[in-house]
Amino acid sequence: MDFQHKRTFTEKRDNISKLPENIIHHILSFLPLKCALKTSILFRQWINMWKPLWIYTTIIDLDEEFTKKLKKTHYVQAIHQLLQLHTLDKVKKFRTFFCSDDRYSSDLIEWIEFVKVKGVGQLVLDLSGNVRHSDSTDGDDIRWGMNKFRMPNSFFSCLSLSSLDLTRCILEPLDDFKGFKALRSVALYGVTINGVQLGEIIRRSPLLEDLTMSYCESLKPVKIDHLQLKILTLESCFDVEEMKISTPNL
């Protein structure tokens with residue numbers, strides 16, 4: 001009797017799948033993208049229902065709550081599904097929180113390539129591990145300064161970036177780095193970058209107005225020379241030995 005009752009309840013609960021496809025699409029259009037990704041992972045038969053929403057989205061905002069509710073492997077799988085199905089030429093925003101390690105470096109490189117190809121304007125990449133996945137354990141905690149992700153060369157060709165927010169990674173721009181011509185705001189948290197490289201990024205971002213750095217490492221001597229910079233925030237960057245600032249608009 002109990003089994004029969006559970007089966008009947010499940011069948012009733014899944015009645016939405018029997019609705020006409022256009023009606024289901026209309027209902028789903030009111031839900032956030034993250035709900036689509038989560039549902040498609042848990043219920044494979046729903047993937048086709050969500051496709052019309054995925055391929056036309058211009059904002060990919062996978063917030064902390066979405067991260068917490070998925071296992072790490074499911075999280076990666078969900079993002080790859082979205083990126084593979086996406087067809088628009090332009091994405092305005094890409095935000096993700098991920099507790100990364102070396103096993104997922106190739107996945108992160110693919111995400112950065114997507115950012116480049118789609119001309120993303122606002123990038124938020126938080127790899128701090130402060131937002132934990134549903135299958136995280138105490139052994140998965142990552143300390144600041146360990147196992148940081150090295151941003152690939154393709155990142156320095158993301159010329160459409162206007163806002164950049166990076167947490168726990170390594171930045172080493174190439175010698176032929178042309179600059180971020182549209183970049184206006186930068187926030188770096190726990191990022192490893194030396195002072196010379198930082199100076200080059202600043203110098204080659206002519207529109208930069210707002211720079212925030214917190215717990216960044218390997219800076220040593222820092223020279224910030226920029227005509228447009230209006231806001232400069234440095235917090236707990238203990239490696240700074242010397243700083244020269246020439247910013248008339250501060």
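**A buried arginine and two spaces in a predicted model**

Trainee: This model is predicted, so let's start with one residue. Which side chain of opposite charge is nearest to arginine 168?

Mentor: Arginine 168 sits in the loop between β5 (163-167) and β6 (169-170). This arginine is buried and has no salt bridge. A salt bridge would need a side-chain nitrogen within 4 Å of a carboxyl oxygen. The nearest candidate is 6.8 Å away, and that is aspartate 126.

Trainee: Which backbone oxygen lies 2.4 Å from a polar atom of the side chain of arginine 168?

Mentor: Polar contacts are counted for N or O atoms within 3.5 Å. The partner here is a backbone atom, the oxygen of leucine 127.

Trainee: Let's turn to the cavity. Which element gives the most to the lining of the largest cavity?

Mentor: A search of the whole structure finds 1 cavity of 30 Å³ or more, with a volume of about 60 Å³. Its lining has 10 nonpolar residues, with no polar and no charged ones; Phe180, Val186 and Leu198 are among them. Two or more lining residues come from each of β7 (185-189) and α8. The most, 3 residues, come from α8.

Trainee: And the second largest pocket: how many charged residues are in its lining?

Mentor: This pocket holds about 190 Å³ of space. α8 (195-203) and β9 (221-225) each supply at least two lining residues, and the largest share, 6 residues, is from α8. Glu200, Arg203, Lys223 and Asp225 are in the lining. By class, the lining has 4 nonpolar and 2 polar residues, and the charged ones number 4.

Key. Residues are numbered from 1 along each chain as its sequence is written. This is a predicted model: local features need pLDDT of at least 70, side-chain atom pairs count only at pLDDT 80 or more; totals for chains, interfaces and linings use all residues. Side-chain values use heavy atoms; hydrogens and water are left out. Helices (H or I, at least four residues) and strands (E, at least two) are DSSP runs, numbered from the N terminus. Buried means under 20% relative accessible area, exposed over 50%, partly exposed in between (1.4 Å probe, protein chains only). Lys and Arg count as positive and Asp and Glu as negative; His and the chain ends are not counted. A polar contact is a pair of N or O atoms within 3.5 Å; within protein, one must be able to donate a hydrogen and the other to accept it, and residues adjacent in sequence count only if both atoms are side-chain atoms. On a 1 Å grid over the protein atoms alone, a cavity is a set of points where a 1.4 Å probe fits but cannot get out, and a pocket is an open set with protein on both sides within 12 Å along at least five of seven lines; lining residues have an atom within 4 Å of a point. Grid points are joined across faces, edges and corners, and a volume is the space filled by probe spheres set on the points. Ala, Val, Leu, Ile, Met, Phe, Trp, Tyr, Cys and Pro count as nonpolar, Asp, Glu, Lys and Arg as charged, and the others, Gly among them, as polar.
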